[in-house]
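Reader: I am in my first year and would like a close look at a single part of this protein, its interior. Please take me through it step by step.

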Amino acid sequence: MKLVSDPAIAKKISKMQQRVKWQDPLILERGIDQTRLVLDDGHADDGEFSFLVVGDSGSGTHKGHDPQRRVAELMLPHHDECRFMLHTGDVIYLVGSREYYQQNFIQPYREFLVGGEQPRKIPYDKMVFQLPILPVPGNHDYYNLPILFGLASVTTLPIRRLLKSRLDLDVGLYGSGTGEAYARAFLDYLCGIQSPVDLANHLDKYYTANTDSGRCLSYQPGSFTRLPNRYYTFRYGGIDFFALDSNTFNDPPPLPNTQEGNSDRKILEKRRASLEQEKQQITATSALLSPSNPKDAEQLDDLQVKLTQIEEIIVDIEKQLDSNKIVLTDIEQLDWLRQKLIESWHNKEVRGRIIYFHHPPYVTEATKWQQAQTLAVRTRLRGVLDAVAEKLGFLTEGRPLVDLVINGHAHCLEYLQTADTGHADSHIPWIVCGGSGFSLRRQREEGPEVREMMADGEKLVARSQLFIGRSGQGFNKHRPYSCLRIDVKGEGQPKFIVRPLVAEWYQRQWCDREIEPFEI
């Protein structure tokens, strides 16, 4: 039985547009830019500032330990010194359900929320942040739950509890509603305002910031902390931040109806069948283990991780095998990014650019580096950057188009640098921050170099400089969960001091790991 269902891209786009009343006449009438916000904290003009980064955090308590809470505690000493937190997606596992926001988000991050001293009284759709949390949606925040699985998970719950059934997958009944729970939690959910008069009053109250692209949402920490859209931009300290929804431009093309394509199809079908069999074996193995036994509890935790990992691989395979699908790419969002980057380079007030989104184009984590979605995102982002470079010409004076790209999805902390790729994504630093709570993965056996087949042969396109993920075996297994503090320094072209914050679960106890900061 499938654990998750990934909605079509067209459905994701249309649902999210409905939720924010995209381009409603009252919005157009006021000249509002629904893709921009102003972080109204009184410090947005400061040239030096710090911010936090987390990703793939949205798990509940693991058996015997709570990684997400431990990572949150790592960040607390930095709370007053940092201006905001970027979240690279997968806020809630396994299927982005509203049922798990209390356990998997509000409780762990309670000190970052208004009223956090009584977290159980905070509804998931009424959260107000003391320290801004600025997320992008991950694939799990869009996943739906197959109806039969949802019914089974509820109807068998008393039996599972009685028998101490082994794999708790945090699925519940509802799924994400194609991102509905995420939208209610983080976006300015305008479709909940029925009256035109009430909508007009709301827009006039909260969309009060004036920018070069028109009026936009004023994000007010401690008071009104909503995002205008699933993708958006904001400027802080002279840095333009671009938050993207990569779930709508990660669709790989189906395999071609050629001899080579048919051969690849058979390989993928065989692999999918093998993975389905492995899922059954995991379920059978889990039935023999007892959560009350510490050793068994850790094995159950690993089995749960393995099961969700397999499910993601199956989703990626099925995207390639669906020969009847029409590949849809979110051209509107990519055109928006292209235009905004060009405008950013023409604005003398801007001294740097950071892009963050969920799916990493470059990564060496064992389960993500070769996925079709990874390559699809790489290709589409390259297309945007190439178009920007062509338009700007010599204006960049040899600087990379973007100073830093931050991603999640791969369950690790990794710092990579692209080489000369032959495209405008050359010589860019990339950070993957996806090890903040749910599970951890290993680096691939092939090592730190990312190579790609070009017309003139295989070429080095990126190299990993730092990888922090799962390692070791059995009782000597290391699980280093992580987040980041990034300090923005310097005048003119910015410098970034990246400070990894790492808490390691090892031999059934926590210890903090000291990782040297590095400069970008």
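Which residues have the most contacts inside the largest nonpolar core?

Author: This is a predicted model. The protein chain averages a pLDDT of 91. A score of at least 70 is reached by 94% of the residues. One stretch falls short: over residues 148–165 the pLDDT is below 50. Beyond near neighbours in sequence, that stretch has 17 contacts in the model.

Now to your question. Phe51, Tyr101, Phe105 and Phe241 have the most contacts inside the largest nonpolar core. That core has 84 residues. Its largest share comes from strand E16, residues 495–506, which gives six residues. Apart from this core lies another, of 34 residues. Leu334, Ile342, Val388 and Val461 are among its members.

Take Phe105. Leave aside its neighbours within four places in sequence. Phe105 is then in contact with Val91, Ile92 and Tyr100. It also touches Met127, Phe129, Ile133 and Phe186.

One of those partners, Met127, leads to Ser223. The two are 96 residues apart in sequence, yet 10.0 Å apart in space, C-alpha to C-alpha. Ser223 is found in the loop between strand E6 (214–219) and strand E7 (232–236). Is Ser223 buried or exposed? It falls in between: its relative accessibility is 47%, so it counts as partly exposed.

Next comes helix H3, residues 67–75. Seven of its nine residues are buried, so the helix is largely enclosed by the rest of the structure. The buried ones are Pro67, Gln68, Arg69, Val71, Ala72, Leu74 and Met75. What do they pack against? Two partners are strand E2 (49–54) and strand E3 (85–87). Another is helix H4 (101–106). Strands E15, E16 and E17 (509–513) complete the list.

Look inside strand E15, residues 478–489, and you find Asp487. Its relative accessibility is 3%, and buried means under 20%, so Asp487 counts as buried. Its side chain makes a polar contact with the side chain of Arg485, at 2.7 Å. Asp487 has contacts beyond its neighbours within four places in sequence, too. They are Phe49, Ser50, Lys495, Phe496, Ile497 and Arg499.

What about empty space? Rolling a probe the size of a water molecule over the atoms shows where such space is left. Here the count comes to two cavities of 30 Å³ or more. About 50 Å³ of space lies in the largest cavity. Its lining includes Asp6, Asn139, Tyr143 and His409. Glu312, Val315, Lys319, Gln371 and Gln373 line it as well. Helix H10, residues 294–321, gives the largest share of this lining, three residues.

Then there are the pockets. The second largest pocket holds about 430 Å³ of space. Of the 19 residues that line it, the closest to its centre are Leu255, Gln320, Gln370, Ala372 and Leu375. Three elements give two or more residues to this lining: helix H9 (259–286), H10 and helix H12 (372–392). The largest share, five residues, comes from H9. Notice that H10 turns up in both linings, that of the largest cavity and that of the second largest pocket.

Key: Residues numbered from 1 in each chain as written. Predicted model: local features only at pLDDT ≥ 70, side-chain atom pairs only at ≥ 80, totals over all residues. Heavy atoms only, no water. Core = buried A, V, L, I, M, F, W, Y, C linked by side-chain atoms within 4.5 Å. Buried < 20%, exposed > 50% of the residue type's maximum accessible area, 1.4 Å probe, protein only. Helix = DSSP H or I, 4+ residues; strand = E, 2+ residues; numbered from the N terminus. Contact = heavy atoms within 4.5 Å. Polar contact = N/O pair within 3.5 Å; in protein donor to acceptor, adjacent residues only side chain to side chain. pLDDT = per-residue confidence, 0-100. 1 Å grid on protein atoms, 1.4 Å probe; cavity = no way out; pocket = protein on both sides within 12 Å on 5 of 7 lines; lining within 4 Å. Points joined across faces, edges and corners; volume = space filled by probe spheres on them.
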